[in-house]
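Open your viewer, keep the selection tool handy, and follow along from stop to stop.

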Amino acid sequence: MTTTWQIVVHGLVQGVGYRAACVVEARRLGLVGWVRNRRDGTVEAIAQGEAAQLLALCEWMREGPRGAQVSSCDVDKAWVAESPLKGFEQRASI
């Protein structure tokens, strides 16, 4: 069953290639969605796929790429996508 999760990562996660690495990992896992930096210093991802794929992405996001220092990871498993997502992309910061 396909579901959509919002994942927000806190810590030193901007300026370390986190978003680009997240795109690679999400695509490798076969997920669709997007990732972006937020003004508060966090990284937000909206990912859609099967629960096992989403759990694998969450595990990766808790570590992140080399240079990242993740302090916490918030997951909203009840997030509702406004429309079907396609591909996985890096979006502009908000």
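**First stop: a loop residue.** Select Arg 38, which at 22% relative accessibility counts as partly exposed (that class lies between buried, under 20% relative accessible area, and exposed, over 50%, with a 1.4 Å probe and protein chains only). Arg 38 sits in the loop between β2 and β3; helices (H or I, at least four residues) and strands (E, at least two) are DSSP runs, numbered from the N terminus. Show its surroundings, leaving aside neighbours within four places in sequence, and you will find Arg 38 in contact (heavy atoms within 4.5 Å) with Gln 6, Val 8, Gln 14, Glu 44 and Ile 94. Now add Ala 92: its C-alpha atom is separated by 9.1 Å from that of Arg 38, although the two residues are 54 apart along the chain.

A word on what you are viewing: this is a predicted model, in which local features need pLDDT of at least 70 and side-chain atom pairs count only at pLDDT 80 or more, while totals for chains, interfaces and linings use all residues. Residues are numbered from 1 along each chain as its sequence is written, and side-chain values use heavy atoms, with hydrogens and water left out.

**Second stop: the sheet.** Switch to cartoon and look for an open sheet of five strands, in the order β4-β1-β3-β2-β5 and with mixed pairing (two strands pair if DSSP finds at least two bridges between them). β4 (69–76) and β5 (88–90) stand at the edges with a single partner strand each, so one side of each has no neighbour in the sheet. On average, neighbouring strands here are turned by 15° against each other, direction ignored; axes are lines fitted to C-alpha atoms, for helices over the stretch in contact, and angles run from 0 to 180 degrees between N-to-C directions.

Next, colour β1 (residues 3–12) and β3 (residues 43–49), which pair in the antiparallel sense over seven bridges. Thr 3 is a good place to zoom in, as it stands opposite Gly 49 in β3.

**Third stop: the helices.** Helix α1 (residues 18–29) packs on the sheet and touches β1, β2 (32–37), β3, β4 and β5, its direction making about 175° with that of β5. Helix α2 (residues 51–63) lies across β1, β3 and β4 and runs at about 5° to β1.

Pick Glu 25 in helix α1. Is Glu 25 buried or exposed? It counts as buried, at 14% relative accessibility. Apart from neighbours within four places in sequence, Glu 25 is in contact with Leu 57 and Trp 60.

**Fourth stop: the core.** From Leu 57, with the same sequence neighbours set aside, the contacts include Ile 7, Cys 22, Ala 26 and Ala 47. The largest nonpolar core has 22 residues, and those with the most contacts inside it are Ile 7, Tyr 18, Cys 22, Leu 57 and Met 61. Such a core is a set of buried Ala, Val, Leu, Ile, Met, Phe, Trp, Tyr and Cys residues joined through side-chain atoms within 4.5 Å. The elements that give two or more residues to this core are β1, α1, β3 and α2.

**Last stop: the cysteines.** How many disulfides are there? The count comes to zero, with a disulfide taken as a pair of cysteine sulfur atoms within 2.5 Å. The sulfur of Cys 22 is 9.7 Å from the closest cysteine sulfur, in Cys 73, too far for a bond. Cys 73 is in no disulfide either, and its nearest cysteine sulfur, that of Cys 58, is 5.4 Å away.
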